[in-house]
Amino acid sequence: MKRALIGLLLVCAPGAILAADAQAGKAVYDSKCKMCHAADGKGNPAIAKALNATIRPLGSAEVQGKSDAQLKKDSTDGTGKMKPVKLTDTQASDVVAFVRTLK
């Protein structure tokens, strides 16, 4: 019975078992994103000015309204003047989980 229940959980809820880790995402964010997006996700004004770009606050309704898949794509492919960031799929998922904490 116990084995069947574990098997059922693995088949029905793999995302729950392999959930993204916001704390790990913060570590990746701190090393790869914070320079431009700032520690609080509100954007670094000096970088925005230097690039003549708008850095949208990551906690904004516009950013938070995007799907996880779109946030991952924006991060790994780049968007606007933002260059692509080299991340593994796990790192990208973890960064998205961290970004979700900024709302």
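**Salt bridges, helix packing and core of an all-helix model**

With a relative accessibility of 38%, K26 falls between the limits of 20% and 50% and therefore counts as partly exposed. The structure described here is a predicted model, and K26 belongs to helix α3, as does D30, which follows 4 residues further on, or about one turn of the helix. D30 is likewise assigned to the partly exposed class, because its relative accessibility is 28%. The side chains of these two residues, K26 and D30, meet in a salt bridge, with a distance of 2.8 Å from N to O. Side chains of opposite charge can pair when their charged atoms come close.

A search of the whole structure gives 6 salt bridges, and two further pairs can be described beside the one within α3. In one of them, K66 is joined to D74, and the closest N and O atoms are 2.6 Å apart. The two partners fall into separate classes of exposure: K66 has a relative accessible area of 29% and so is partly exposed, whereas D74, at 11%, is buried. In the other pair, K72 forms a salt bridge with D89, where 2.8 Å separates the closest N and O atoms. This pair links distant parts of the chain, since K72 lies in helix α7 and D89 in helix α8, 17 residues apart. D89 has a relative accessible area of 54%, and because exposed residues are those over 50%, D89 is classed as exposed.

The secondary structure of the chain as a whole consists of 8 helices and 0 strands, so that the pattern read along the sequence is α-α-α-α-α-α-α-α. Of the 103 residues in the chain, 28% are buried. The chain exposes about 7,100 Å², and 61% of this area is supplied by carbon and sulfur atoms. When contacts between residues at least 6 apart in sequence are considered, 49% of them join residues at least 24 apart.

Helix α8 covers residues 89-100, and its length can be checked by a simple calculation: at 1.5 Å a residue, its 12 residues should span 16 Å, the expected span being 1.5 Å times one less than the number of residues, and the 17 Å between its end C-alpha atoms agrees with this. The buried residues of α8 are A92, D94, V95, V96, A97, F98, V99 and R100, and they pack against α3 (22-32), α6 (61-64) and α7 (68-77).

The largest nonpolar core has 13 residues, among which Y29, L58 and L87 have the most contacts inside the core. Two or more residues of this core come from each of α3 and α8, and α8 gives the most, with 5 residues. Leaving aside residues up to four places away in sequence, Y29 touches K34, H37, A38, A39, G41, L58, V95 and F98. Among these contacts of Y29, V95 and F98 also appear in the list of buried residues of α8.

A final position concerns helix α5, which comprises residues 45-51 and includes P45. P45 has a relative accessible area of 63% and is therefore exposed. Although P45 and I55 are 10 residues apart along the chain, their C-alpha atoms are separated by 8.1 Å.

Note on methods
Residues are numbered from 1 along each chain as its sequence is written. This is a predicted model: local features need pLDDT of at least 70, side-chain atom pairs count only at pLDDT 80 or more; totals for chains, interfaces and linings use all residues. Side-chain values use heavy atoms; hydrogens and water are left out. Buried means under 20% relative accessible area, exposed over 50%, partly exposed in between (1.4 Å probe, protein chains only). Contact means heavy atoms within 4.5 Å. A nonpolar core is a set of buried Ala, Val, Leu, Ile, Met, Phe, Trp, Tyr and Cys residues joined through side-chain atoms within 4.5 Å. A salt bridge is a side-chain nitrogen of Lys or Arg within 4 Å of a carboxyl oxygen of Asp or Glu. Accessible areas come from the Shrake-Rupley method with a 1.4 Å probe; for residues, only the protein chains shown count as cover.
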